[in-house]
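Student: Please give me a close look at one part of this model, the domain arrangement, and then work outward from there to the helices and the backbone details. I would like one connected account rather than a list.

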Amino acid sequence: MKEILTKLTRLYGPSGHEEFVRDAIKEMVEPHCDEVIVDPLGNLIAHKKGSGPKLMLAAHMDEIGVMVTDIDKEGFLRFTKVGGVSPHQLLGQRVVFKNGTFGVFGHEKLDDIKDLKFEKMFIDIGATSREEAEEKVSLGDVAVFDRDLVEAGDRWIAKGLDDRAGCAVLIKVLQELSSSPNDIYAVFTVQEEVGTRGAKTSAYSIEPDLGLAVDVTLVGDTPKAPTNAVALGKGPTIKVKDALVLAHPQVKESLVEVAKSHGIPYQFEILDNGGTDAGPIHLTKSGVKSGGVSIPCRYVHSPTEMVSKTDMDNAVKLLKAYLTSVQV
Amino acid sequence: MLLKELSEAVAVSSREDEVRTLLKEHLSSSVDEVKTDRLGNLFCYKGWKESQPKILIAAHMDEVGLMVTKIEKDGFLRFQPVGSLDPRVLVSKPVVIGKEKVPGVIGAKPIHLQEPDERKKALDFKDLFIDIGVDSKAEAEGLVSLGDLVAFSTEYEELGDGIVKGKAFDDRAGCAVLAEILKRDYRLGLAGVFTVQEEVGARGAEVVGKTLEPDLTIVLEGTTAADVPEIEEHEGSTKMGYGPALTIMDGSVLPHRPTLDKLLKIAEANDIPIQFRRSTKGFTDAGSLQRGRGGIPTVVVSVPCRYIHSPACLVDTKDIENTVALIVEFLRSVEQEGVPS
């Protein structure tokens, strides 16, 4: 798992530019699947054939980033966000563009740090003129946090764990699942961070009988955190709701049953803010029973997201057991 | 001239008949088949069934406007916006109401009667009314009814060198570009779709996205030109006269990068000016068209327009010509090399 996660979190993959992540995942899962295809929006669909109902699992490949909207004559870049980025998370950070160009953040003079907004900020790539900057970046180019994975006890800390952690879990499941009576579609989706867009089109094509999002979820286990019962290290979560879906009761209950019968720790995910790919999946065509299994994650959408190793291992166990035994 | 006719036609969202009729008459001899769906989207097909690859090009017919929501006892009309409108652009503007195009003027309390504090506040929809020159509710009801749509009454005029003034260039500029594209012949399948109800949430396109499954979709828009005073250089969007603008991202879509790269190359090879739309705000038909079914590579190409969503917009006709040239050259390249990937 460490090897997979180190590799995946290091890769560049903001919404709309998931190709490096896709190529890496394709290589890891292809030997374990009957068919792996890339659809028109760039979703990677890994199919493990079975005679039973169609199960769709979705983990998104994309991460948040910042997009260049202007290059001034001194070579400074103005930018906007791609996905849920907060201005204060950017201060002091280093970002990297697809071609390897590094950038750091600066801001105009502010009377009060509360006035910090994207409009007042810029990226400095070390260029001294517009011409020099334009050799390295172009309007519309996107940069992501530059931060390698480290270990801290039972925890992993990295950028992009949302949702490379989910991707890693899904990869492990595909690699370790020897056979299943069900027809399994593991979809590594694009453009989740800008509005769960890849899941919408892939679910349309697959038309699954059951859908599961495999994403990270917010926790409430840090000092004076917003109320949230989920904690790191207490097991993967079984989705009850997020901002885009109410998990189908059968999906939720069958996941609980499997967790109990296999002695896998679990928690319930009741997420007020933030949606997942389960949202568009459950509204596909005439409707799909959907839910999710999530990995608790601290500091989501920061360069230092944190997850628990045992939670990830247990998520793999839960999904393997579920895919083998579930009846839709 | 088609742009003049398109601009002066009235087509507030859900009442796009005038523009649709105009386009149908203009295009029926240039395309194989013209169809209107149940929501009013107009489909113009050229080689669609028999040829590959299939390209969908869309522009929306509707414009922002107002809807009559109350008739006061003295015959003044209250209204709500249809689409996103800044209430500050409305006062003292001439308008036309309903199918019969009853003329009216948007009124407000005159300056002489305002308290000093009131003069400092921007007028909101609730402070405004339409005056159609009647004295009573009964007289007003003889001319208009609740739910009637209201459009700006703006004459199309030429100003300066190739610049024109008119209303609704968002998206009649796109309609004019698409109409011109449809007059040429191609060795590929082309569906030119003029959509309805974009300004109220890309509703026509929602249905179109579920109807057609092309290999590539191009959305043509009239978009904000922010090359005016009071806007900082880095906060701008597009510049009038600098050619078609490619969207890098907006609220509804991340465009298909290989197609953007191809468009940039084509512009360079053919000496067509081109720019990026640097604002990432707003939405278009592109989202619904990209994701109506299994996913379609989609891009947005816009004609820069100053003062969109107001009674008087400006557009540079050279930008319109260059947008036509860019898309036609692009379609020629698709005939040879297929859809960029």
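Tutor: In this predicted model, the centres of domain 1 of chain B and domain 2 of chain B, taken over C-alpha atoms, are separated by 32 Å. The division behind that distance assigns residues 2-63 together with 167-337 of chain B to domain 1, and residues 66-152 of chain B to domain 2, so that domain 1 is assembled from two stretches of the chain according to the domain assignment. Where the two domains of chain B meet, 11 residues of domain 1 are in contact with 12 residues of domain 2. On the domain 1 side of this meeting in chain B, the residues comprise 4 nonpolar, 3 polar and 4 charged.

Within the second stretch of domain 1 of chain B, a pair of helices deserves attention. Two packed helices are described by the angle between their axes and the distance between those axes. For helix α5 (residues 169-182) of chain B and helix α9 (residues 317-337) of chain B, the angle is about 45° and the axes are 9 Å apart. The two helices, α5(B) and α9(B), are therefore oblique to each other, and their crossing is right-handed. From α5(B), the residues B:Ala173, B:Ala176, B:Val177, B:Glu180 and B:Ile181 meet B:Ile320, B:Thr323, B:Val324, B:Ile327 and B:Val328 of α9(B). Sorted by class, the contact of α5(B) with α9(B) contains 8 nonpolar residues, alongside 1 polar and 1 charged.

Helix α5 of chain B also carries an unusual piece of backbone to inspect. The peptide bond running from B:Asp170 to B:Asp171 is cis, with an omega near 20°, and B:Asp171 is found in helix α5 of chain B. Elsewhere in chain B, B:Tyr307 has a positive phi of about 60° although it is not a glycine. B:Tyr307 is found in the loop between β16 (298-306) and β17 (313-316) of chain B, and because it has 18 C-beta neighbours inside 10 Å, it counts as partly exposed.

Turning to chain A, its domain 1 covers residues 2-63 and 159-325, while its domain 2 covers residues 65-145. The C-alpha centres of these domains of chain A lie 31 Å apart, and their contact takes 11 residues from domain 1 of chain A and 12 residues from domain 2 of chain A. On the domain 1 side of that contact in chain A, there are 4 nonpolar, 4 polar and 3 charged residues.

Chain A has its own helix pair to consider. The axes of helix α7 (residues 249-261) and helix α9 (residues 309-325) of chain A come within 9 Å and cross at roughly 115°, which makes α7(A) roughly perpendicular to α9(A). The crossing in which α7(A) passes α9(A) is right-handed. On one side stand A:Leu255, A:Val258 and A:Ala259 of α7(A), and they meet A:Leu318, A:Ala321, A:Tyr322 and A:Ser325 of α9(A). By class, this contact of α7(A) with α9(A) holds 6 nonpolar residues and 1 polar residue, with no charged residues.

The backbone of chain A can be examined in a similar way. A cis peptide bond joins A:Asp162 and A:Asp163, with omega about 10°, and A:Asp163 lies in helix α5 (residues 161-176) of chain A. A:Gln191, a residue other than glycine, has a positive phi near 55°, and its place is in the loop between β12 (183-189) and α6 of chain A. A:Gln191 counts as buried because 29 other C-beta atoms lie within 10 Å, against a cut-off of 20 or more. A:Ser86, in the loop between β5 and α3 (87-90) of chain A, counts as exposed because it has 12 C-beta neighbours inside 10 Å. Although A:Ser86 and A:His301 are 215 residues apart along the chain, their C-alpha atoms are separated by 8.4 Å.

Finally, the chains themselves meet, in a contact that takes 22 residues from chain A and 14 residues from chain B. On the chain A side, the elements giving two or more residues are β4 (65-71), β5 (77-82) and α6 (197-206) of chain A, and α6(A) gives the most, with 5 residues. By class, the side of chain A that touches chain B has 7 nonpolar, 8 polar and 7 charged residues.

Terms used: Residues numbered from 1 in each chain as written. Chains lettered and ligands numbered in written order. Predicted model: local features only at pLDDT ≥ 70, side-chain atom pairs only at ≥ 80, totals over all residues. Contact = placed C-beta atoms within 7 Å. Nonpolar A, V, L, I, M, F, W, Y, C, P; charged D, E, K, R; others polar. Helix = DSSP H or I, 4+ residues; strand = E, 2+ residues; numbered from the N terminus. Axes fitted to C-alpha atoms, helices over the stretch in contact; angles between N-to-C directions. Parallel < 35°, antiparallel > 145°, perpendicular 65-115°, else oblique. Left-handed = near helix turned anticlockwise from the far one by under 90°.
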